[in-house]
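Colleague: I am new to this structure and would like to learn how its features are read. Could we go through them together, one at a time?

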Amino acid sequence: MAEKTPSKFQQAITGTWHGLPSVFEVDGTHVGFNKVDRESKFEDGVTTYYMRTHFQNVGPLRYRFDMGSEQMAFGVIDSDQNRVYCGPDFMGSGRPYGMLVDSNYYSPGWNTDLRTLNLVLPERQIQVYSSELYEGPVMAAVFNGIYIVTQDHETNPATQQRVDDFIESERRNAKKPFTLPVKVSGQWTGVLETYNGDQELLGTTDVQITYTPLTLLSARMDVTMSGVINRQFSYQRSHNGAVHKFEGPDVWGNGRSYGRYLFSTQHFYGEPQKIRARDTIIDDNYALCAVWQFFEGNKETFTCFGVMDWAPGDTVLEARYAG
C-alpha cells in the first residue's frame, strides 16, 4: 500500500498562521478582534488542525464565542477533493480549488453553521480569510482578516517581531471600510485562476474593470473578462454605509461590507447566470483580492480568484464653483 501523503493544499499551508480577525455584528458594526494562531499538521498519516483563539471583542458576541483558553484540536480527512472536519470543534467539509478552500461546517461550541473562505496568496505571503456564521438561514456574525505564515516563530526573535508588527498593522487596518476611490477614475487589472464546478483547473481569466465615479456614493463599472471566461458587462454601483447595490443595466444585486470585505450576489439581466463574490481591499493602493463564483441556474460553473491591482486615472469629480 502506498504511503499516505498530504494534499497539495495541506502542503501549501504548512507552518503557523498568525492573524487578528475582526468580529462584526450582522449589520457590519466592528466590535473587536480575535487573536488567532492556527496550524494544520500532517503527522503519522493523519492531519490535525490546531487553533488558539483570544477574543478581544465587546458585547454579546464576546460571551457567545469566547470559550476560554483551551486549544481547539480537530481531525481532518485531508484530500484535494474534500477536506472533512471530524470534530469535536468543527464538523463539516471544505472544497479546495488550488490555493482556495471553500468550507461549510458546524461549530457545536458556537452553535453556528459557518461558510468560510481561505485563499492563500503565495506571492504576497498572506492568507485572506473570512467566515460567515449562521443560525439556520439567519446570520449571527462575521469574522474576517488577513494572516501571515511562519516556520520558526517559537525560536526566532526576528520572526516574533515581524508577527507583532503585522498584528499591530491589522489592528489599524482591519476596521477600515470597503470604500473605493471617491473622486478618481481608473482601472483594476489582474489574472484570476479559474476552475470548473468539478474543481478542475481550466486556466486563467484576465479581468479589466474600468471605474468611473458618478457621485460621492456611486460609480459605473465596465468589466471585461477574457480567457477561460469571456464576458463584458456594465453596472452602476452605490453604497449607503455598509449596504451596497448593483443596479444595471447588465448586472443587478446587492451586498454588505464588513470592514475591508464586501460580500455580494450579482444577477445577470435576462439570463440564469449570477456571481457570488467576496472582494477584499488588501492594501492602501486599493488592490482587490477577488473570489468570484459563477452559477447557471443555481449550479456552480466557475470559481475564480486572484488579485487585481489599481491604476488611478483622472479626477472626475472636480471642485465646483457657483457664478
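Modeller: What follows is a walk through a barrel, its hairpins, a cavity and two single residues, and we should keep in mind throughout that this is a predicted model.

Colleague: Where should I begin with the barrel, and how many strands close into it?

Modeller: The general idea is to follow the pairing from strand to strand until the order closes. Here 10 strands close into a barrel, in the order β12-β13-β14-β15-β16-β17-β18-β19-β20-β21, and the pairing is antiparallel. On average, neighbouring strands of this sheet are turned by 25 degrees against each other, with direction ignored.

Colleague: How do I read one pairing in detail, for instance which residue is the bridge partner of Glu193 in β13?

Modeller: One looks at the two strands, then at the bridges, and then at the turn. Strand β12 covers residues 184-196 and strand β13 covers residues 201-215, and the two run antiparallel, joined by 10 bridges. Within this pair, Glu193 has Thr204 of β13 as its bridge partner, while Thr194 is matched with Gly203 in β13. The two strands form a hairpin with 4 residues between them, and in that turn Gln199 has a positive phi of about 65 degrees.

Colleague: What joins β13 to β14?

Modeller: A hairpin joins them, passing through 2 residues. Strand β14, residues 218-227, pairs with β13 in the antiparallel sense over 10 bridges, and in this pairing Thr212 stands opposite Arg220 of β14.

Colleague: Could we take the last strands of the barrel order in the same way, and how many bridges join β18 to β19?

Modeller: Strand β18, residues 261-268, is joined to β19 by 7 bridges, and the two run antiparallel; Leu262 stands opposite Asp279 in β19. Their hairpin has 4 residues between the strands, and Gly270 in the turn has a positive phi of about 75 degrees. Strand β19, residues 273-281, then pairs with β20 in the antiparallel sense over 9 bridges, with Arg276 opposite Gln293 and Gln273 opposite Glu296. The hairpin of β19 and β20 has 6 residues between the strands, and there Tyr286 takes a positive phi near 65 degrees.

Colleague: And which residue in β21 is the bridge partner of Phe295?

Modeller: The partner of Phe295 in β21 is Glu300. Strand β21, residues 299-315, runs antiparallel to β20, and 9 bridges join the two. Their hairpin has 2 residues between the strands, and Gly297 in the turn has a positive phi of about 55 degrees.

Colleague: How should I read the covering of a strand, and how many residues of β20 are buried?

Modeller: One counts the buried residues along the strand. Strand β20, residues 288-296, is mostly covered, with 8 of its 9 residues buried, and β19 is also mostly covered, with 7 of its 9 residues buried.

Colleague: How do I read empty space, and how many cavities of 30 Å³ or more does a search of the whole structure find?

Modeller: One asks how much space there is and which residues line it. The search finds 4 such cavities, and about 360 Å³ of space lies in the largest cavity. That largest cavity is lined by 28 residues, of which Arg38, Tyr49, Met51, Tyr105 and Asn118 lie nearest its centre. The elements that give two or more residues to its lining are β3, β4, β6, β8, β9, β10 and β11, and the largest share, 5 residues, comes from β3.

Colleague: Turning to single residues, why is Ser22 classed as buried?

Modeller: Ser22 is classed as buried because its relative accessible area is 0%, and buried means under 20%. Its place is in strand β2, residues 22-24. A polar contact of 3.0 Å joins the side chains of Ser22 and His30. Not counting residues up to four places away in sequence, Ser22 touches His30, Gly32, Phe33, Val142, Phe143, Asn144 and Ala174.

Colleague: Where is Asn111 found?

Modeller: Asn111 is found in the loop between β8 and β9, and it is partly exposed, with a relative accessible area of 45%. Leaving aside neighbours within four places in sequence, Asn111 is in contact with Arg64, Tyr106, Tyr134 and Glu135. Asn111 and Tyr134 are 23 residues apart in sequence, and their C-alpha atoms are 8.6 Å apart in space.

Definitions and conventions. Residues are numbered from 1 along each chain as its sequence is written. This is a predicted model: local features need pLDDT of at least 70, side-chain atom pairs count only at pLDDT 80 or more; totals for chains, interfaces and linings use all residues. Side-chain values use heavy atoms; hydrogens and water are left out. Two strands pair if DSSP finds at least two bridges between them. Axes are lines fitted to C-alpha atoms, for helices over the stretch in contact, and angles run from 0 to 180 degrees between N-to-C directions. Buried means under 20% relative accessible area, exposed over 50%, partly exposed in between (1.4 Å probe, protein chains only). A polar contact is a pair of N or O atoms within 3.5 Å; within protein, one must be able to donate a hydrogen and the other to accept it, and residues adjacent in sequence count only if both atoms are side-chain atoms. Contact means heavy atoms within 4.5 Å. On a 1 Å grid over the protein atoms alone, a cavity is a set of points where a 1.4 Å probe fits but cannot get out, and a pocket is an open set with protein on both sides within 12 Å along at least five of seven lines; lining residues have an atom within 4 Å of a point. Grid points are joined across faces, edges and corners, and a volume is the space filled by probe spheres set on the points.
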